Every structure is written in structure tokens, then in C-alpha cells.
Amino acid sequence: MIISNRLEAMESLSKSEEILAKYILKEKENIEKLSTIDLANATFTSPSTVVRLSKKLGFSGWNEFKEKYLEELYYLNSHFTKIDPNFPFQPHDTFMAVASKIGHLATETIQDTLSLIKNEDLKQAIDLLANAEMINIFGISNSLLMAYDFKHKMLRINRRVEIMNLPEEQVYVALNSSPKDTAILISYTGESEEVLKIAEILRKNKTPIIALTSIGENSLSKYANCTLSVSTREKLYSKIATYSSNNSIHLVLDILYSCLFKLNYHRDLEYKTNISRKIDERTSDSELIKEKEDI
């Protein structure tokens, strides 16, 4: 969960800490040059309260908190300038306006997701997947819907991927995992109790973990060998649908599949083409999609 949302959602704050949290949320980038003393003076609190709030959020102190918070603000201000990912259209919009806005949202989500991918993290994820005897994907709710498309693609290049539908099945598979496997854990917030339980089991079994989750500090990323961030602009509940997060997760999984494909490009292309010919016995009269041998 991003820092702004964590500040808004934090409970058990003292009155002074609550005043500080509200001030930080209100001032945003204006806190950049403030020291603990400056912030304490501006809020009629104390430097020790500033440090205490920072540590409650999981940071070593005010300077680390401020650095991460400003990084997130830059990210939030740099994307989705046209479309609100939570409410991309309004009741008065025409059908074509809705279509256009959803299309623009998808475009912005793609650009946003690409900006979050780091070469080192992607390379590490590909190495883990390439060397895995089995790839298991864990998650809850609609996060697994995109995973099924990933599994479908991977099966067509002879890569073993398993997805469990029931929470109990996910736990059993995690318990049976080994260092030879690799797990992909998908959680938008990174705080799902079920996913964190699985992450703890996987760590005990020394199974490598690739986390697909939101930006910022969260519990899941602390378990992961590497983390690939997804577009993080949707609220937890106040939204029309999970347009942006779903598109982002799907894109990251497509990138993982494509990079794995690239490692053995010609072999995988031949294998996939042959498998498709055997399974998908389809024909078409359209010159656009007809295969050469059908012409």
C-alpha cells in the first residue's frame, strides 16, 4: 500500500501523530525541506513524535520516510493525468465516450507499468522462472484471472505452470514446494492475509518468490526474492472496476512470458506453432489472418 493510503488508514495513532499525518497529507511536496524540528514546529508537536510516526510506518526515521514519500508523490503526479482509474467515465458520457476513456486508461496503464519495470528485477525474475521445475501462481479473487492466460501461453511452449483455485489447495501446494520451484505471488495491496501465509510457507521451504504487487513498502515485497511493481492508482473499494490493476498485472505476466520465449526463440516458436496446428484446427476465408499453407 502506498504511503498516502497508509497514513489515511492508520489506526491507534496518538493525537499528536494524527495531527502530523494530516499535515503531511495536506502539504505533500512542501515537506521536502522540512527537518523533524521544522515539522514539529509547524504542527505544535515534537521531533520525537515525528520520528515515532515514521517508525510506525516502517521507516528508520524521518529522512527515510520523507525520501520514500516524495518518490511516491512524483510517481503519482507523473501518470494518469487524463483519466481517473477509479472513475474513468461518468453517467452523462455517451457509449463512444466511455469506449474512448477506457481505451485511454489502458494506454496510460501500460505506460505507467513500463515505467515501473527495472532491468535488474526483470532479469532476476526471468532467471528464476527459466530454472524452475514448476511455476506455481498464488493469489486471490480476480488476480488469478490474468494468471490463467499466462498458464495457457506457457503450456504452449512446454512450461509447467499450476494455479490453485481454493485457498486450501494453495496452502497444500505451498507446503509441498521446494527450492527447485518458483512461485509467483499476486497481491495488489501486498497485505492479503492468505497470500502472506503462503509467502511465509514458501520462505520456510526456500522456494524463490516473485511478487507482483503495488509500489511502496508492503509485507509481501519483504518475502520476495524480487518484486515487479504494478500500476498503483486504484482505491481498494471506491472504484467502478479493477481496470488499471488488471491490465497492469496482465501486462507484467505477458512480459515475463515473452522474455522467457526470447531465451529459446526459435525452439519455442517451432514448438508452439506445431502444438497450435494440432490443437487449433481452424480455417478462415479472411486474407488477413489466413496461414500461408491455406492460400
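In this predicted model, the side chains of Arg-267 and Asp-268 meet in a salt bridge, with an N to O distance of 3.5 Å. The two partners differ in how far they are covered by the protein. Arg-267 has 51% relative accessibility and counts as exposed, because the cut-off for that class is over 50%. Asp-268 is buried, with a relative accessible area of 2%.

Side chains of opposite charge can pair when their charged atoms come close. Counted with a limit of 4 Å between the side-chain nitrogen and the carboxyl oxygen, the salt bridges of the model come to ten.

Another of these joins Glu-17 and Arg-52, whose side chains meet at 2.8 Å, N to O. Glu-17 belongs to helix 2 (residues 15-27) and Arg-52 to helix 4, so this pair ties together parts that are 35 residues apart in sequence. Here the acidic partner, Glu-17, counts as buried at 1% relative accessibility, while Arg-52, at 39%, counts as partly exposed. The contact also extends to a further residue: Glu-17, Arg-52 and Lys-56 are linked in a network of salt bridges.

Helix 4, which spans residues 47-56, has Thr-49, Val-50, Leu-53 and Ser-54 as its buried residues. Viewed down the axis of helix 4, these buried residues fall within an arc of 140 degrees, so they line one face of the helix. An α-helix has 3.6 residues a turn, so residues three or four places apart point the same way. Just after helix 4 comes Gly-58, which takes a positive phi of about 95 degrees.

A salt bridge can also be followed inside a single helix. The side chains of Lys-153 and Asp-149 meet at 2.2 Å, N to O. Both residues lie in helix 8 (residues 143-155), where they are four residues apart, about one turn of the helix. Asp-149 counts as partly exposed, with 27% relative accessibility.

The last feature concerns charges without such partners. Glu-168, Glu-169, Glu-193 and Glu-194 form a negative surface patch; residues qualify for a patch if they have over 30% relative accessible area and no salt bridge. Which helices supply the residues of the negative patch? Helix 9 (167-175) and helix 10 (193-204) each supply at least two of them. Glu-168, one of the four, is found in helix 9.

Conventions:
Residues numbered from 1 in each chain as written. Predicted model: local features only at pLDDT ≥ 70, side-chain atom pairs only at ≥ 80, totals over all residues. Heavy atoms only, no water. Patch = residues over 30% accessible without salt bridge, like charges linked within 9 Å, V, L, I, M, F, W, Y side chains within 5 Å. Areas by Shrake-Rupley, 256 points an atom, 1.4 Å probe, with all protein chains shown as cover. Lys, Arg positive; Asp, Glu negative; His and termini not counted. Charge placed at Lys NZ, Arg CZ, Asp CG, Glu CD. Helix = DSSP H or I, 4+ residues; strand = E, 2+ residues; numbered from the N terminus. Buried < 20%, exposed > 50% of the residue type's maximum accessible area, 1.4 Å probe, protein only. Arc of directions from axis to C-beta.
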